[in-house]
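Reader: I would like to learn how to read a model of protein with DNA. Please take me through the features one at a time.

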Number of protein chains: 2
Amino acid sequence: MSSLQEVARRAGVSKATASRALSGAAHVSPAARERVATAASELGYVVSSTASSLVTGRTKNVGVITPFINRWFFAEVLEGIEGALIRAGYDLTLFRLPSEPEQRSRLFHYFLVRKRVDAIVCLGVALTPAEVELIHTLRRPAVGIGGAIPGLPTMSIDDVEATRLATRHLIGLGHRRIVHVGGDLGEQMDFEVHARRLAGFRSAMEEAGLDCEGAFRATTFSVPGGYESALALLADPAIRPTAIVAGCDEIAIGVITAARELGILVPSELSVVGIDDHPYAPMFGLTTVRQVPGEQGEKAAEMVVRALADATDPLEPVASEIPIRLVVRRSTTAPPGVQSVR
Amino acid sequence: MSSLQEVARRAGVSKATASRALSGAAHVSPAARERVATAASELGYVVSSTASSLVTGRTKNVGVITPFINRWFFAEVLEGIEGALIRAGYDLTLFRLPSEPEQRSRLFHYFLVRKRVDAIVCLGVALTPAEVELIHTLRRPAVGIGGAIPGLPTMSIDDVEATRLATRHLIGLGHRRIVHVGGDLGEQMDFEVHARRLAGFRSAMEEAGLDCEGAFRATTFSVPGGYESALALLADPAIRPTAIVAGCDEIAIGVITAARELGILVPSELSVVGIDDHPYAPMFGLTTVRQVPGEQGEKAAEMVVRALADATDPLEPVASEIPIRLVVRRSTTAPPGVQSVR
DNA sequence: CTGAAAGCGCTAACAG
DNA sequence: CTGTTAGCGCTTTCAG
């Protein structure tokens with residue numbers, strides 16, 4: 001509405017001084033600074049971010065690309081990113097990556113490159129080498145979450161190690177008939193998460209000399225997916241596994257729900273291990289390989305913000321992979337009183 | 001990187017013609033248009049959105065304010081909004097509304113007003129009259145979701161009616177000992193959702209001449225919340241209710257999980273009705289009062305986009321309340337074979 | 001410490 | 001149909 005010009009006039013100074021006073025950076029006499037401040041607040045002045053972006057080349061805005069918004073892991077990371085960005089004075093522009101390749105490149109070129117964002121956070125998106133190069137050409141800091149992207153700093157768990165850990169945990173408990181209910185290899189996510197988690201399971205099984213034949217059930221990466229799959233898998237008591245490694249906690253929760261519905265006692269008759277540390281884990285007595293998505297988002301956002309702050313000129317991102325430490329977290333099982341009621 | 005100037009030079013036309021050719025609006029000779037197009041693509045040119053925003057006054061960007069990102073209903077609406085916006089060529093800038101009042105007003109003035117957004121979608125946020133006035137002053141189209149905001153078009157379900165419907169449904173089934181497990185009135189959401197849903201429950205109970213005394217359990221609006229609450233509520237078979245009206249589907253799912261853990265058969269020994277039509281509803285055999293959050297988001301986004309398109313100048317929003325139709329949706333109960341296994 | 005002036009990259013009249 | 005000319009609102013040298 002009201003421009004810097006008006007503020008300056010009202011304060012009896014020039015636009016330049018008003019600008020300096022407001023931005024707080026340069027040296028302005030206390031008196032002038034004061035007058036400008038009151039003038040601005042009286043007029044309800046706020047800088048036009050477009051105008052200031054045009055001249056500074058910085059938008060104070062970070063773009064986040066993600067394939068999903070309403071899936072627990074992604075939404076959680078998103079909240080973490082959002083918090084860190086707002087704290088640092090950055091806005092967050094959200095792009096959901098379409099699955100169709102041409103749509104995808106349209107998004108990249110049309111929406112992302114228009115000088116709309118100072119930096120980019122890629123959540124669960126494996127950028128192609130060409131896309132990474134584009135980001136480098138644009139000299140925009142970028143960081144990935146959920147899998148390694150060559151040429152970009154990324155943070156992610158080791159998906160192979162996660163299921164390996166889970167599987168070893170179950171083997172250590174004495175289980176021999178273990179099945180992996182994981183993501184359908186056909187509807188692969190980026191970074192081949194499904195395949196990598198399956199690989200970790202296989203590796204642990206083979207290392208223990210156990211047979212993997214038919215020990216994998218493919219499903220959707222969701223609670224209903226795990227439920228449907230387990231309903232079929234657990235129906236026949238004769239061939240039922242004694243333990244399940246779920247592809248993620250959501251699948252695990254579905255599996256446990258199905259098991260309970262079938263009258264199978266968890267964990268005495270069936271042990272289930274998931275991955276992610278979903279908030280519902282405790283109420284399902286779910287043991288899980290822990291990762292904290294919100295923290296990952298926060299860290300990633302802090303990284304790009306730091307890069308933005310450090311760099312006089314937009315910074316060349318350093319390539320490196322930041323691993324997330326994995327731990328098996330055993331949920332406290334339901335209170336004994338509850339168990340006995342059954 | 002490369003500017004319009006360079007494109008123009010390469011195509012042998014003026015900046016103005018290049019601009020017209022690229023934006024596609026005005027009349028440009030096919031030959032010139034062609035030359036500009038190839039020049040632009042050879043140079044990998046993309047408009048600087050900041051520069052173009054500065055002169056047009058439009059950012060092609062819509063702000064979305066929401067208190068939560070990682071809660072099913074909100075994330076779902078968000079996806080709907082995102083889809084509709086991207087389709088219309090708008091970006092989405094996401095603001096999570098802090099709960100602290102001063103932070104909130106800071107967000108409003110500092111982030112939202114800086115000419116960063118062409119329009120605003122308020123999701124689950126009850127704007128104050130002052131905030132609405134500010135939006136009107138800015139002449140920005142705005143629409144609310146989740147509750148009525150005087151002075152703004154809003155879309156929401158009737159929260160009172162939702163629980164009333166749910167409660168009547170249970171009463172119709174012959175239930176008399178019905179409890180409402182709903183949101184804690186202390187940690188109120190905007191629009192007094194918790195209180196309104198409780199009111200609907202009470203109204204239906206009283207209308208049927210049933211006693212509401214002690215028939216309300218306050219909890220968190222979440223699956224674990226419903227679970228914890230139900231564990232206590234259902235522990236004693238002697239005083240256990242035969243039906244529960246949950247404040248939302250997430251609570252309902254928690255309740256059902258607790259019931260199953262306690263060995264209570266659902267729905268034969270305990271009927272539960274939720275609100276929202278959560279994707280897990282079918283696997284829990286949950287009957288629910290249906291609303292489709294994704295569609296609400298889509299519609300809201302389409303409304304602001306239309307307002308933006310219709311208006312030569314940013315449009316004065318029309319105040320009106322768009323109700324969402326409510327229906328009780330009975331989930332198919334689990335397959336009979338499964339029931340008998342128990 | 002402060003003011004004048006020169007643009008940032010683009011679009012929108014206004015003449016040709 | 002196309003080129004010229006002004007700015008949009010701000011920051012930033014560069015002189016005072």
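Reader: Which atom of DNA strand C lies 2.7 Å from a polar side-chain atom of Thr17(A)?

Author: A phosphate oxygen of DNA strand C is the partner of that Thr17(A) side-chain atom. Before going on, note that this is a predicted model, in which local features need pLDDT of at least 70 and side-chain atom pairs count only at pLDDT 80 or more, while totals for chains, interfaces and linings use all residues. Residues are numbered from 1 along each chain as its sequence is written, chains are lettered from A and ligands numbered from 1 in the order in which they are written, and side-chain values use heavy atoms, with hydrogens and water left out.

Reader: What counts as a polar contact, and which base atom does Arg20(A) approach?

Author: A polar contact is a pair of N or O atoms within 3.5 Å; within protein, one must be able to donate a hydrogen and the other to accept it, and residues adjacent in sequence count only if both atoms are side-chain atoms. A polar side-chain atom of Arg20(A) is 2.8 Å from a base nitrogen of DNA strand C. Ser14(A) uses a polar backbone atom instead, 3.0 Å from a phosphate oxygen of that strand.

Reader: How many residues surround DNA strand C?

Author: A residue is near a strand if one of its heavy atoms lies within 4 Å of it. There are 24 around DNA strand C, and the closest are Ser29(A), Leu4(B), Lys15(B), Ser19(B) and Tyr45(B). Of the strand's atoms within 4 Å of the protein, 62% belong to sugar and phosphate. By class the surrounding residues are 12 nonpolar, 9 polar and 3 charged; here Ala, Val, Leu, Ile, Met, Phe, Trp, Tyr, Cys and Pro count as nonpolar, Asp, Glu, Lys and Arg as charged, and the others, Gly among them, as polar.

Reader: Which contacts reach DNA strand D?

Author: Among them, a polar side-chain atom of Lys15(A) lies 2.6 Å from a base nitrogen, and the side chain of Thr17(B) places an N or O atom 2.7 Å from a phosphate oxygen. The elements giving two or more residues to this surface are α2 (15–23) and α4 (49–56) of chain A, with α2 (15–23) and α4 (49–56) of chain B. Helices (H or I, at least four residues) and strands (E, at least two) are DSSP runs, numbered from the N terminus.

Reader: Which residues of α4(A) are buried?

Author: Buried means under 20% relative accessible area, exposed over 50%, partly exposed in between (1.4 Å probe, protein chains only). In α4(A), Ser49(A), Thr50(A) and Ser53(A) are buried. They lie on the same side of α4(A), because they cover an arc of only 95° around the axis, the arc being that of the directions from the helix axis to the C-beta atoms. An α-helix has 3.6 residues a turn, so residues three or four places apart point the same way. The buried residues of α4(A) pack against α4 of chain B.

Reader: Where does Ser48(A) lie, and what does Ser48(A) touch?

Author: Ser48(A) is in the loop between α3 (30–43) and α4 of chain A, and counts as buried at 18% relative accessibility. Its side chain makes a polar contact of 3.0 Å with that of Thr50(A). Contact means heavy atoms within 4.5 Å; leaving out residues up to four places away in sequence, Ser48(A) touches Arg114(B) and Lys115(B).
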